[in-house]
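Trainee: Could you take a close look at one part of this structure with me? I would like to pick a single helix and go through its surroundings step by step.

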Amino acid sequence: MMSMTCRSLDFGRTVLDLVACGCSSNALLDRSSIRSYAKVNTKGSSRGYGARQVVFGGRDRTKCGVASMKAPETLLNGVPERLPSVLELKEEPRRPISLTNLFEVVADDLLTLNQNLQSIIGAENPVLMSAAEQIFGAGGKRMRPALVFLVSRATAEIVGLDELTKEHRRLAEIIEMIHTASLIHDDVLDESDMRRGKETVHQMFGTRVAVLAGDFMFAQSSWYLANLENLPVIKLISQVIKDFASGEIKQASSLFDCDVKLDEYLIKSYYKTASLIAASTKGAAIFSGVDDSIAEQMYEYGKNLGLSFQVVDDILDFTQSAEQLGKPAGTDLAKGNLTALVIFALDKEPKLRDIIESEFSENGSLDEAIELVKSCGGIEQAQELAKEKAHLAIQNLECLPRTAFQLALQDMVMFNLERID
């Protein structure tokens with residue numbers, strides 16, 4: 001069993017909860033309950049969503065300390081050999097959640113966003129426009145701006161806002177620009193030729209143009225961010241850009257390191273993925289003018305969803321084909337980036353360490369390593385970790401009124417888990 005002491009990690013803004021809290025609220029989530037729609041009208045929606053109630057295994061709900069802000073000295077339990085099974089899903093026929101249905105309640109908002117994105121880049125930069133068209137048109141899900149719109153509308157209900165503000169809409173555009181810039185730079189650093197089944201910007205235009213395009217988009221988003229003239233949001237989003245760099249440095253400094261711990265993996269995942277999502281959801285709440293406590297819960301929701309999303313992505317890197325991924329399978333492991341399922345497997349299979357530390361020098365060693373991770377239960381343990389973070393994200397939504405928008409935020413959590421069903 002993995003020997004490790006887990007602790008709360010204070011990032012200066014909130015405490016990053018590393019693993020399962022182990023408290024009484026870690027009950028099983030009945031998916032049939034979470035997908036049951038009450039026969040009531042939902043305020044503010046004309047698209048036919050109803051409100052529903054989330055039921056965790058029929059138990060009395062005890063508030064979990066992990067779902068709220070905690071002092072940095074708070075300790076978390078260690079990682080058990082098999083994480084507590086939360087969000088265990090009943091096997092029964094049901095229609096999978098689709099992104100089209102999920103984002104239907106903010107479809108008009110996303111349409112406006114798509115129309116604005118390329119004009120924001122600036123028509124005076126034809127090469128940058130071409131690069132932007134390549135990445136904006138590469139089949140992106142627009143998940144982050146959709147979350148901005150969903151949280152904006154869900155929290156607007158609380159304070160009685162009838163419509164989103166221009167700050168809400170600009171925030172969504174800024175978030176997508178920052179995300180896109182990070183993808184361009186990631187592809188350069190990872191030397192990736194394909195993203196979402198299409199050639200990357202640096203493959204089409206060269207590394208120099210790709211780096212400059214990413215830099216320009218970071219700069220442009222920062223300019224628009226400053227013009228929002230909201231210091232808390234400016235600090236929040238500015239920290240994200242710093243987190244991106246910190247995450248890349250942490251990843252680069254731990255390649256092929258078989259002694260990397262789960263908490264280090266989660267910190268890196270927070271920097272590279274969850275930080276932006278958490279800032280997106282909290283920023284949206286701030287612009288709605290809700291209480292700080294609700295804004296913090298939205299931050300926690302984004303953080304936990306982002307961590308769950310990253311773990312699922314890492315699982316898919318092992319379980320999906322190159323055609324499904326839009327890039328070669330096992331790419332992270334091949335480059336020495338050890339993700340949660342590899343870390344779990346390393347604790348059980350000494351041979352895996354030898355193969356990884358050899359940097360796959362022998363023919364077929366990468367495929368052997370992948371099979372060892374699968375046979376050691378690494379995938380199953382990573383699935384439990386993803387479910388645990390999803391469970392916490394669902395809890396963070398309890399402060400919102402039950403509307404079409406809260407429903408969609410819950411479904412975003414379930415959609416992520418359905419990717420590994």
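Mentor: Happy to; let us walk along helix 15 and into the loop after it, keeping in mind that this is a predicted model.

Helix 15 covers residues 350–357, and its buried residues include Leu-352, Ile-355 and Ile-356. Viewed down the helix axis, the buried residues of helix 15 fall within an arc of 95°, so they line one face of the helix. Turn to the face pointing away from that buried side, and you will find the exposed residues Pro-350 and Asp-354. What lies over the buried residues? Part of the cover comes from other helices, among them helix 13 (331–334), helix 14 (340–346) and helix 16 (365–375).

Now go to the N-terminal end of helix 15. Glu-349 acts as a cap there, with one of its side-chain oxygens 3.0 Å from the backbone nitrogen of Lys-351.

The other end is worth a look for its backbone angles. Just after helix 15 comes Glu-359, whose phi is positive, about 55°; that is a positive value in a residue other than glycine. Glu-359 sits in the loop between helix 15 and helix 16. Phe-360 also has its place in the loop between helix 15 and helix 16, and although Phe-360 is not a glycine, it has a positive phi of about 55°.

Are these two loop residues buried or exposed? Glu-359 has a relative accessible area of 49%, which makes it partly exposed, because exposed would require over 50%. Phe-360, at a relative accessible area of 14%, is buried, because that value is under 20%.

If you would like a second helix to set beside this one, try helix 6 (residues 166–190). Helix 6 has 25 residues and runs 36 Å from its first C-alpha to its last, close to the 36 Å expected at 1.5 Å a residue. Helix 6 is mostly covered, with 19 of its 25 residues buried. A positive phi turns up after this helix too: Glu-191 follows helix 6 with a phi near 55°.

To pull the main part together: helix 15 has its buried residues along one face, a cap from Glu-349 at its N-terminal end, and a positive phi at Glu-359 just after it.

Note on methods:
Residues numbered from 1 in each chain as written. Predicted model: local features only at pLDDT ≥ 70, side-chain atom pairs only at ≥ 80, totals over all residues. Heavy atoms only, no water. Helix = DSSP H or I, 4+ residues; strand = E, 2+ residues; numbered from the N terminus. Expected span 1.5 Å × (residues − 1). Buried < 20%, exposed > 50% of the residue type's maximum accessible area, 1.4 Å probe, protein only. Arc of directions from axis to C-beta. Contact = heavy atoms within 4.5 Å. Polar contact = N/O pair within 3.5 Å; in protein donor to acceptor, adjacent residues only side chain to side chain.
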